[in-house]
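Let's take a walk through this protein together, one step at a time. Have a look at the picture first, and then we'll start with a pair of helices.

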Amino acid sequence: MTIAFIVLFIMFLALNYLDAVSTLKVIQLGSFRNERNPIARWVIKKYGAFKGILMIKGVIVILIPFIIYAFIISARDTVYTLVLIDAVYLLVVMNNFKIAKKMRHLYQDNNENRERGQRII
């Protein structure tokens with residue numbers, strides 16, 4: 001269980017980093033309105049994209065000792081919970097990068113049309 005916990009915990013931290021990077025990319029390409037989490041959207045709107053994301057991920061840093069303590073109390077439950085959390089974060093990160101890719105292509109197409117003098121919808 002200890003090795004599973006360590007692997008899943010490292011994945012949890014890595015996926016949080018990728019979530020922050022991908023969310024920042026989507027917001028920079030579009031708007032804070034692209035954030036689907038209403039609390040995160042409010043924080044990002046109030047403090048800006050970079051500071052807002054840092055504040056939100058700061059909460060994750062605060063949770064680290066509690067996650068470790070939960071593992072000490074019940075290793076099996078904590079590992080199962082991390083599997084679920086990692087799966088959700090993986091889906092979020094994949095979706096963020098998919099949206100960023102679509103937005104990048106949309107802006108490239110609009111810029112190409114603008115250069116040709118075509119009307120932009």
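Start with α1 and α3, which are roughly antiparallel to each other. That follows because their axes cross at roughly 170°, and angles over 145 degrees count as roughly antiparallel. You'll find α1 at residues 2-29 and α3 at residues 49-73, with axes that come within 10 Å. Keep in mind as you look that this is a predicted model.

Who does the touching here? On the α1 side, the residues in contact include F5, F9, F12 and L24, and α3 answers with residues including F50, I60, I67 and F71. Sorted by class, this contact has 15 nonpolar residues, three polar ones and two charged ones.

Now zoom out for a moment. The protein chain has four helices and zero strands, so reading from the N terminus you simply get α-α-α-α. Of its 121 residues, 29% count as buried. The chain exposes about 8600 Å², with carbon and sulfur atoms supplying 67% of that area. As for contacts between residues with a separation of 6 or more, 73% of them join residues 24 or more positions apart.

Back inside, then. In soluble globular proteins, nonpolar side chains tend to be buried together. Here the largest nonpolar core has 12 residues in all: F5, L8, F9, F12, L15, I60, I67, F71, V79, L82, Y89 and V93. Two or more residues come from each of α1, α3 and α4, the last of these spanning 75-116. The largest share belongs to α1, with five residues. For a good spot to park your eye, try L82: leaving aside residues up to four places away in sequence, L82 touches F5, L8, F9 and F12.

Apart from that core lies another one, of five residues, among them A20, L24, I27 and I44. Let's finish with one of these, I27, which lies in helix α1. Is I27 buried or exposed? Its relative accessibility is 10%, so I27 counts as buried, the cut-off being under 20%. And what does I27 touch, not counting residues up to four places away in sequence? The list is F32, I44, A49 and I53. Two of those, A49 and I53, also appear on the α3 side of the helix contact we began with, and I27 itself is on the α1 side. One last distance to check by eye: I27 and G48 sit 21 residues apart in sequence, and their C-alpha atoms are 9.8 Å apart in space.

Notes: Residues numbered from 1 in each chain as written. Predicted model: local features only at pLDDT ≥ 70, side-chain atom pairs only at ≥ 80, totals over all residues. Heavy atoms only, no water. Buried < 20%, exposed > 50% of the residue type's maximum accessible area, 1.4 Å probe, protein only. Contact = heavy atoms within 4.5 Å. Areas by Shrake-Rupley, 256 points an atom, 1.4 Å probe, with all protein chains shown as cover. Axes fitted to C-alpha atoms, helices over the stretch in contact; angles between N-to-C directions. Parallel < 35°, antiparallel > 145°, perpendicular 65-115°, else oblique. Nonpolar A, V, L, I, M, F, W, Y, C, P; charged D, E, K, R; others polar. Core = buried A, V, L, I, M, F, W, Y, C linked by side-chain atoms within 4.5 Å.
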